[in-house]
Amino acid sequence: MLITHDTRCALDTVVDLVNTAPEEGAAADGLPDVPALADFVRKHEISDVGALSEFDLSAVRRVRGRFAAIFAAPEAKSAAGLINELVAAAGTTPRLTDHDGYDWHVHYFAPGASVADHLAADCGMALAFFVVAGEQERLRRCEAPDCRHAFVDLSRNRSRRYCDSRTCGNRLHVAAYRARRKEATG
């Protein structure tokens, strides 16, 4: 599956956005206020975004919840329906652009769109490419029982199980090793 630069950026953005949501019994919201949203926009180099407000923060949190539902969708048909609703509500308007030193790529958000509509359109289309390619199962949640962060499995054999192998994966492998050693020593 060919993943262009702009699609990869949108995938990274949607994963980071979904992972800002507070988890049950875990950390606080990763987007607690407008300055945090502004930092998110700056970190992900989201273009054509004006001054942000509480309205934008609330709208982005709603879009974040809809993206989380896509990652939780049990099959492609469900994911497709959720993506269709999200992208349609954003007023998608595909257009070619070559801004900020990047080659030609497609923006799906309408000129002047809110940050929530921008995210819904561009990130929604990035996820749509996975459904179209029959790769919806690559949109995953970390299998570590205390994590559940979203990630996109871009491994060749679709074998990635953890959001980060150095933290979640390594922690679980060490715990399993210790359990085996403890069992072996009686």
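In this predicted model, the charged end of Arg-95 perches over the ring of Phe-109, with 5.0 Å between that charged end and the ring centre.

Rings also meet each other here, and the structure holds one aromatic pair. The partners are Tyr-108 and Phe-129, whose ring centres lie 6.3 Å apart. Their planes stand at 65°, and since anything over 60 degrees counts as edge-to-face, that is the label the pair gets. As for where the partners sit, Tyr-108 belongs to the loop between strand S2 (105–107) and helix H5 (115–132), while Phe-129 is part of helix H5 itself. The pair therefore ties together parts that are 21 residues apart in sequence. The two residues can also be described by their accessibility. Tyr-108 has a relative accessibility of 14% and so counts as buried, the cut-off for that being under 20%. Phe-129, at 30%, counts as partly exposed.

Phe-129 turns up again where helix H5 meets helix H1, as one of the H5 residues in that contact. The axes of H1 (residues 5–18) and H5 come within 9 Å and cross at roughly 105°, which makes H1 roughly perpendicular to H5. On the H1 side, the contact is made by Thr-7, Ala-10, Leu-11, Thr-13, Val-14 and Leu-17. Facing them from H5 are Leu-119, Asp-122, Cys-123, Ala-126, Leu-127, Phe-129 and Phe-130. Sorted by type, the residues of this contact come to 10 nonpolar, two polar and one charged.

Leu-17 of H1 is also among the residues touched by Arg-64, which has its place in helix H3. Leaving aside residues up to four places away in sequence, Arg-64 touches Leu-17, Val-18, Thr-20, Ala-21, Pro-22, Asp-29 and Leu-31. Is Arg-64 buried or exposed? Its relative accessibility is 6%, so Arg-64 counts as buried.

Helix H3 (residues 54–72) also holds Phe-55. With a relative accessible area of 59%, Phe-55 is exposed, because the cut-off for that class is over 50%. Phe-55 can be placed relative to Val-34 as well: the two are 21 residues apart in sequence, and their C-alpha atoms are 9.2 Å apart in space. Helix H3 thus carries both a buried residue, Arg-64, and an exposed one, Phe-55.

How values were computed:
Residues are numbered from 1 along each chain as its sequence is written. This is a predicted model: local features need pLDDT of at least 70, side-chain atom pairs count only at pLDDT 80 or more; totals for chains, interfaces and linings use all residues. Side-chain values use heavy atoms; hydrogens and water are left out. Rings of Phe, Tyr and Trp (its six-membered ring) pair if their centres lie within 6.5 Å; planes under 30 degrees apart count as stacked, over 60 as edge-to-face and the rest as tilted. Helices (H or I, at least four residues) and strands (E, at least two) are DSSP runs, numbered from the N terminus. Buried means under 20% relative accessible area, exposed over 50%, partly exposed in between (1.4 Å probe, protein chains only). A charge sits over a ring if NZ of Lys or CZ of Arg is within 6 Å of the ring centre and within 35 degrees of the ring normal. Axes are lines fitted to C-alpha atoms, for helices over the stretch in contact, and angles run from 0 to 180 degrees between N-to-C directions. Angles under 35 degrees count as roughly parallel, over 145 as roughly antiparallel, 65 to 115 as roughly perpendicular and the rest as oblique. Contact means heavy atoms within 4.5 Å. Ala, Val, Leu, Ile, Met, Phe, Trp, Tyr, Cys and Pro count as nonpolar, Asp, Glu, Lys and Arg as charged, and the others, Gly among them, as polar.
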